[in-house]
There are 2 protein chains.
Amino acid sequence: MTIPAWKPIADAKRQATLDAIPQKWRITEPIPSPAEQRDVTGPYIQQYLSAREIEITELDAYAIAEKTTTGEWTAVEVTEAFCHRAALAHQFVSCLHEIFFDAAIEDAKKLDAYFAEHKKPLGPLHGLPVSLKDQFHVKGVETTMGYVGWIGTFQGIKGDARRGVFESELVRELRALGAVLYCKTSVPATLMCGETVNNIITYTTNPKNRLLACGGSSGGEGALIALKGSPGGFGTDIGGSVRIPAVFNGLFGIRPSSGRIPYEGAANSMDGQNTILSVIGPLAGTARSLQLLFKAVLSQQPWLYDPLVLEVPWRSDVEQETRALVEQSANDPSKLAFAIMKHDGIVLPHPPIARALNIVEQTLKRLGHKVRLIERSLAVADESRS
Amino acid sequence: MTIPAWKPIADAKRQATLDAIPQKWRITEPIPSPAEQRDVTGPYIQQYLSAREIEITELDAYAIAEKTTTGEWTAVEVTEAFCHRAALAHQFVSCLHEIFFDAAIEDAKKLDAYFAEHKKPLGPLHGLPVSLKDQFHVKGVETTMGYVGWIGTFQGIKGDARRGVFESELVRELRALGAVLYCKTSVPATLMCGETVNNIITYTTNPKNRLLACGGSSGGEGALIALKGSPGGFGTDIGGSVRIPAVFNGLFGIRPSSGRIPYEGAANSMDGQNTILSVIGPLAGTARSLQLLFKAVLSQQPWLYDPLVLEVPWRSDVEQETRALVEQSANDPSKLAFAIMKHDGIVLPHPPIARALNIVEQTLKRLGHKVRLIERSLAVADESRS
């Protein structure tokens with residue numbers, strides 16, 4: 001049997017990522033197989049952490065930023081805690097492509113020095129660790145997106161001067177906001193997949209049940225945040241790539257409209273496919289953490305740096321109006337309102353999908369939520385075919 | 001020689017459009033050929049109009065709206081003057097596809113009655129005639145876009161119930177704003193053309209020199225507004241279709257970003273081509289008239305009716321900031337600032353284009369304007385190919 005030429009290259013890259021974890025955070029005893037230890041969240045990962053590390057990493061991003069932007073906690077302590085927990089997460093579920101803890105701790109030191117000198121945070125994300133899907137370019141490490149062919153290149157181009165130095169627009173903005181970048185998370189090869197598997201990192205499993213998938217394509221983000229190895233991060237979504245890992249891992253995620261978060265200078269699998277645009281969206285353990293990350297990015301006026309971003313700031317007035325409307329209209333705020341469109345007037349869904357929609361409708365009604373059916377007549381389409 | 005089957009259908013449609021002009025506004029003597037009478041603007045068209053009709057039609061849209069929204073002029077008088085002038089324009093340069101003057105005058109009467117009853121205008125375009133490129137559906141008439149195959153159909157579909165009753169979203173909004181709709185203007189077949197020619201209306205000529213083209217694809221708009229048969233109207237643009245007829249006819253036009261003016265329910269030639277979106281933009285004789293039309297449409301919150309419109313209102317603060325900046329930075333406000341990018345770093349333009357750019361640069365500098373050259377290195381592109 002011949003070993004294909006790409007395999008040793010992929011193996012070396014996978015080992016290099018593992019080797020980037022400091023020895024003190026390496027698990028030396030054998031890690032149980034997924035069948036032996038399905039769930040590695042909660043008490044399982046906690047056994048490797050100090051009480052203080054658990055205290056820090058189990059707050060949500062919003063609460064952490066409250067402490068790091070006021071100087072209650074130092075950036076260095078928070079960063080080290082998340083680096084440790086992310087290192088453990090990777091050893092359990094293989095969720096990281098790039099690890100740069102040393103650079104992160106250096107950045108955290110600079111942030112602490114800034115706070116000491118200016119008595120104020122650099123920005124709303126001062127001292128908050130933020131993870132990134134491996135589509136964003138960060139100086140000092142490479143971007144493979146799980147392609148063996150991209151190892152040692154810049155987006156597949158050999159000898160390109162941008163390799164290891166270029167940073168994506170969002171990365172520049174996160175740094176300006178005071179965020180600490182420390183790792184890049186796994187993706188499926190080509191990105192167009194609802195589970196996370198590639199020839200470098202092999203397979204990222206679901207930390208709640210390692211016999212199952214963590215979703216994709218922002219699967220590494222989903223798995224890492226579910227293990228609280230990150231308080232929040234940024235993925236991308238075209239057909240579910242933020243939403244699937246969010247739902248598979250019990251997290252919150254937003255797939256914004258296109259033109260909200262800057263994609264400028266990020267890698268992608270399908271350059272030139274501009275018909276249905278991929279978008280960047282945050283994932284986190286709480287909704288308020290998503291809002292923190294989203295508002296922070298918009299506060300950087302990304303439309304001045306990425307021509308595809310719309311000049312639409314965070315609109316607090318719209319947010320307040322919407323919250324007031326919801327409170328006014330709901331007698332019982334636990335009851336929600338849904339609209340269901342069973343077909344678009346042109347194509348009927350296949351029977352299993354139609355059945356699933358009926359189950360959803362009946363379940364929502366049984367739970368007392370409002371359901372409005374959007375009816376589309378098939379008549380016009382039939383007429384046009386005749 | 002066999003006459004093709006489409007020809008009598010096209011001829012009948014062209015004749016029907018002409019027949020929609022009331023007898024009193026038909027020119028009975030022979031109309032001189034383009035070679036005999038190149039320029040039909042100014043004194044030439046004025047000879048067929050009363051002094052009062054000239055007074056009304058030679059104001060810009062902004063000034064007309066000042067009079068019709070305050071009750072100084074009635075909607076009926078203004079509408080009749082523009083119907084008359086548009087009828088003459090069509091007979092000189094063949095710029096109209098659809099004529100519905102009777103419906104317009106009925107609408108104007110209702111607007112006058114509204115003003116008499118409420119002592120205020122219906123909206124900021126109260127009583128202002130507005131012309132429309134023949135992509136917009138207006139009840140009572142059809143949309144052919146110059147396709148013989150679309151005669152007697154709705155966008156080519158026979159027996160479609162929408163024919164003659166459906167209205168495009170922009171049309172609904174213009175009516176709500178108080179505008180009076182009275183004609184639809186000519187386009188080239190397929191729309192993808194910088195001159196205006198189709199098998200129904202034949203050729204729309206340039207009113208300033210009928211041996212030349214009026215531009216396209218919003219060519220009928222350009223020709224009609226240049227003859228002051230309309231104070232302003234809406235065209236569409238993907239690669240110049242507002243800008244070309246604006247510049248060919250000495251008018252102002254805006255090609256907005258996509259997602260500003262609602263395209264919902266308008267006809268187009270390339271359904272499904274969503275990579276480079278066509279956009280709707282106004283044309284008029286003055287810049288302030290474009291602003292009037294644009295602001296008026298946005299005041300209708302089109303994003304509530306067309307999912308592709310961005311929720312971005314007219315931002316007076318940005319307008320004021322920009323004006324203040326221009327005034328501050330310019331010692332001499334007649335001097336402008338230009339940026340020129342001679343190539344994009346990947347493809348060099350052909351020699352005649354490069355020469356034209358040099359002439360533009362030198363001319364601007366000679367006139368004392370600021371010129372900033374945007375330099376792009378070709379090196380990166382060369383490297384990536386090696």
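Start by selecting B:Arg172 and B:Tyr305: the arginine lies over the face of the tyrosine, at 4.1 Å from the ring centre. The model on screen is predicted. Stay in chain B and select B:Lys67 together with B:Trp73. Here B:Lys67 sits over the face of the B:Trp73 ring, 5.3 Å from its centre.

**Aromatic rings**

A search of the whole structure gives 16 aromatic pairs over all chains. For one of them, select B:Tyr48 and B:Phe92. Their ring centres are 5.8 Å apart and their planes stand at 55 degrees; the pair counts as tilted because that angle is neither under 30 degrees nor over 60. Colour the chain by secondary structure to see what this pair links. B:Tyr48 is in the loop between α2 (43-46) and α3 (51-57) of chain B, while B:Phe92 belongs to helix α5 (residues 75-93) of chain B, 44 residues apart. Switch on the surface and compare the two. B:Tyr48 is partly exposed, with a relative accessible area of 22%, whereas B:Phe92 is buried at 4%.

Now move to chain A and select A:Trp25, A:Phe101 and A:Tyr182, which form one aromatic cluster.

**The sheet of chain B**

Return to chain B and show the strands. An open sheet of six strands runs in the order β1-β3-β2-β8-β10-β9, with mixed pairing. At its edges are β1 (96-99) and β9 (252-253) of chain B, each paired on one side only. Add helix α6 (residues 101-118) of chain B, which packs on the sheet and touches β1 and β3 of chain B; the direction of the helix makes about 160 degrees with that of β3(B).

Next select β2 (residues 129-133) and β3 (residues 180-185) of chain B, a parallel pair with four bridges. B:Leu132 is a useful residue to centre on. Its bridge partner in β3(B) is B:Lys184, and in β8(B) B:Leu132 stands opposite B:Phe234. The pairing of β2(B) with β8(B) is also parallel, over two bridges.

Which residues of β8(B) point one way, and which the other? Select the strand, residues 232-237 of chain B; six of its six residues are buried. B:Gly232, B:Phe234 and B:Thr236 point one way, and B:Gly233, B:Gly235 and B:Asp237 point the other way. In a regular strand the side chains alternate between the two faces of the sheet. Then add β10 (residues 279-284) of chain B, which runs antiparallel to β8(B) and is joined to it by six bridges. Within that pairing, B:Asp237 is opposite B:Val279.

**The sheet of chain A**

Switch to chain A, where six strands form an open sheet in the order β1-β3-β2-β8-β10-β9 with mixed pairing. The edge strands are β1 (96-99) and β9 (252-253) of chain A; each has a single partner strand, so one side of each has no neighbour in the sheet. Select helix α10(A), which packs on this sheet and touches β2 (129-133), β8, β9 and β10 of chain A, with its direction at about 140 degrees to that of β10(A).

Strands β8 (residues 232-237) and β10 (residues 279-284) of chain A run antiparallel and share six bridges. To find one point in this pairing, select A:Thr236, which is opposite A:Ile280. Back on helix α10 (residues 287-299) of chain A, pick A:Lys295. The residue is partly exposed, at 35% relative accessibility. Draw a distance from its C-alpha atom to that of A:Leu373, 78 residues away along the chain: the separation is 33 Å.

**A crossover in chain A**

Select β11 (residues 337-341) and β12 (residues 370-374) of chain A, which pair in the parallel sense over five bridges. A:Ala339 has A:Arg372 as its bridge partner in β12(A). Add helix α12 (residues 351-366) of chain A to complete a right-handed β-α-β unit with the two strands.

**Backbone stops**

Most residues other than glycine have a negative phi, and most peptide bonds are trans. Select A:Gly216 and A:Ser217: the peptide bond from one to the other is cis, with omega near 0 degrees. A:Ser217 is in the loop between β7 (209-213) and α8 (219-226) of chain A. In chain B, a cis peptide bond joins B:Gly216 and B:Ser217.

Finish with two residues of positive phi. A:Ser94, with phi near 60 degrees, is in the loop between α5 (75-93) and β1 of chain A. Is A:Ser94 buried or exposed? At 17% relative accessibility, A:Ser94 is buried. A:Lys119, with phi of about 55 degrees, lies in the loop between α6 (101-118) and β2 of chain A and is exposed at 64%.

Terms used:
Residues are numbered from 1 along each chain as its sequence is written. Chains are lettered from A and ligands numbered from 1 in the order in which they are written. This is a predicted model: local features need pLDDT of at least 70, side-chain atom pairs count only at pLDDT 80 or more; totals for chains, interfaces and linings use all residues. Side-chain values use heavy atoms; hydrogens and water are left out. Rings of Phe, Tyr and Trp (its six-membered ring) pair if their centres lie within 6.5 Å; planes under 30 degrees apart count as stacked, over 60 as edge-to-face and the rest as tilted. Buried means under 20% relative accessible area, exposed over 50%, partly exposed in between (1.4 Å probe, protein chains only). A charge sits over a ring if NZ of Lys or CZ of Arg is within 6 Å of the ring centre and within 35 degrees of the ring normal. Two strands pair if DSSP finds at least two bridges between them. A crossover is right-handed if, with the strands pointing away from the viewer, the path from the first strand over the helix to the second runs clockwise. Contact means heavy atoms within 4.5 Å. Axes are lines fitted to C-alpha atoms, for helices over the stretch in contact, and angles run from 0 to 180 degrees between N-to-C directions.
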